[in-house]
Amino acid sequence: MTGLPDPDRSRVVLVGASRFAQLADLPAVSANVAALRDKFTSEDVWALPPTHCTVVSDPREPRLVSQALKRAAREATDTLVFYYAGHGLIDPGTGELYLALYDSHAHEVYDSAVPYQWIRRPFEASRAARRIVVLDCCYSGRVLGAMSEGLGLAEIDGTYLLAAAAENALALAPPGELHTAFTGELVGILHRGVPGADRSLTLNEIYEGMRSSLRAAERPEPQCRDRNSLGTAPFVPNPAYQPRADPVRHSPESVMRRFTADLSHEMRTPLTALSAVADLLDEEIDRLEPRIARPVRLVVTETRRLNDLVDTLLELSRIDAGVAAPAAEEVDVVEQVAACLDVHEWRSSVRLDAPRTLRARLDPRRLDVILGNLIGNALGHGATPVTVDVLPRPTDFLVEVRDSGGGVPEEALSYVFNRFFKADSRRPRSHGSGLGLSIARENARLMGGDIEAANQAEGGAVFSLRLPYRA
């Protein structure tokens, strides 16, 4: 299997259960199915003939699902794809997964829902070389557990199973979003591709992209199981493909970004517990003996510092994964700068030179992060006085932060926005992690702007934030 699937010899079955009599409706499921149908039949993906892509919307009877799959399984000789989105239910008696339909009941699934075994059997009989099951439902990882015991699709060569959640986890349908979390990310990768990957994407690359993005967004992580390395075969074209002399998929930078994303996610849970204990200790410090209070105060301070660092790493991983989107609203930029100075009690050290008002549509939280990092950096590593100038221009505006220190070493100017970079390696650790300027620039770019660093002729550094009036 060295090429993409042959559309004439491939079949896709998309089942969407969005309306229920006794379970919560899932409006996003209809959009899921429509988007996937458009992708598989488009020229950009497989150009699958519409007759080869069967859509089963809100089926009332389990047989409607099994009949559609059996027909597709008989006809497919290259690739067979079965996709279900809806509620996943567990049979209380057997623990097996059922796919819910309109009349399904959580406590009586055996005669009102589709047993997953009904999906497995047509796959066993199919002549298709590649067989893919995609389940976007709660408890979908249950079938992976069965496979590890020698059941299910594990016995069928050339199969790949992609599930929305772990064995006992709930899938997510975020309120107000067009798609469910899992399928939304799947459709997004099919649409935007994976930068740095080859001309065609494999199922493993799609899975890793989804896993990284969903983990960064703190949403349920998908699960997968591969049989006979189907996951390494070309599956769909990569819209983001660009020829490169040196592939960067495994560059030191990409490896480090993946590492920091995984590390920050794993630290989040234990750190939440530590932070809760630190808050309780903080309330008792004044009643402790001095010799005990000092180490307790250190624990509280360092726990909060570590918490801020993990929050920053998580935010960077969301940006890397492409799931950090600005929430734009109309704000007064001058008021925003003034509020930042007041919150941090910087008024006595910082002079603000700005027009009376400057309206822009941007993300105020991200602007506050940028301002806090730029001004804090000037005060911590430059020298007072620090000046903040707000300068309106025809299509964008500038916020320039100037300090009166010795400036940035010329050889370090091109690196100051790199992650974990410190111009002076001897700088005490209390001066920061080397992430502040990096996250400031990433947030500026998210809103369509950028930040530049330079040294002033009269001494001191200047950091220039440029943002459009409409982010």
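## A walk through the model, starting at helix 1

Start by selecting the buried residues of helix 1: they pack against strand 1 (11–16), strand 2 (53–57), strand 3, strand 7 (130–136), helix 5 (181–192) and strand 11 (234–237). Keep in mind as you click around that this is a predicted model.

To see which residues do that packing, highlight Ala28, Val29, Ala31, Asn32, Val33, Ala35, Leu36, Lys39 and Phe40, which are buried in helix 1. Asn32 and Lys39 are on that buried list too, so don't colour by hydrophobicity and stop there. While the helix is selected, try a quick length check: its 14 residues (28–41) should span 20 Å at 1.5 Å a residue, and the end C-alpha atoms are indeed 20 Å apart, so the two agree.

**The cores**

Next, pick Trp46, Phe82, Tyr84, Leu99, Ile119, Leu135 and Ile206. Within the largest nonpolar core, which has 69 residues, these touch the most other members. Now show strand 3 (residues 79–85), the element that gives the most to this core, with six residues. As background, nonpolar side chains tend to be buried together in soluble globular proteins.

Which residues does Ile119 touch? Leaving aside anything up to four places away in sequence, the list is Val65, Leu69, Phe82, Leu99, Val114 and Val133. A second core, of 37 residues, lies apart from the 69-residue one; select Leu437, Ala440, Met447 and Leu465 to find some of its members.

**A small sheet and the helix across it**

Go back to the region around Leu99 and bring up strands 4, 5 and 6. These three strands form an open sheet in the order 4-5-6, with antiparallel pairing. Strand 4 (88–90) and strand 6 (113–115) are at the edges and have a single partner strand each, so one side of each has no neighbour in the sheet. Look along the sheet and you'll find a twist that averages 40° from one strand to the next.

Zoom in on strand 5 (residues 97–100), which three bridges join to strand 6 in an antiparallel run. For one of the pairs, label Tyr98: its bridge partner in strand 6 is Pro115. Then switch on helix 3 (residues 116–125), which lies across strand 5 and strand 6 and runs at about 50° to strand 6.

**Backbone oddities**

Time for some torsions. Select Tyr139, in the loop between strand 7 and helix 4 (142–148). Its phi is near 65°, a positive value in a residue other than glycine. Is Tyr139 buried, partly exposed or exposed? Its relative accessibility is 25%, so Tyr139 counts as partly exposed.

Jump to Glu345, in the loop between helix 9 and strand 13 (350–353). Here too phi is positive in a non-glycine residue, near 60°. Glu345 has a relative accessible area of 69%, so it is exposed.

Stay in this area and step to Glu335, in helix 9 (residues 333–343). Glu335 counts as exposed because its relative accessibility is 56%. Draw a distance from its C-alpha to that of Thr357: the two residues are 22 apart along the chain, and the C-alpha atoms are separated by 7.5 Å.

For the last stop, select Thr384 and Pro385 and check omega, which is about 0°: a cis peptide bond joins the pair. Pro385 is in the loop between helix 10 (364–381) and strand 15 (386–392).

Definitions and conventions:
Residues numbered from 1 in each chain as written. Predicted model: local features only at pLDDT ≥ 70, side-chain atom pairs only at ≥ 80, totals over all residues. Heavy atoms only, no water. Core = buried A, V, L, I, M, F, W, Y, C linked by side-chain atoms within 4.5 Å. Buried < 20%, exposed > 50% of the residue type's maximum accessible area, 1.4 Å probe, protein only. Helix = DSSP H or I, 4+ residues; strand = E, 2+ residues; numbered from the N terminus. Contact = heavy atoms within 4.5 Å. Expected span 1.5 Å × (residues − 1). Pairing = 2+ DSSP bridges. Axes fitted to C-alpha atoms, helices over the stretch in contact; angles between N-to-C directions.
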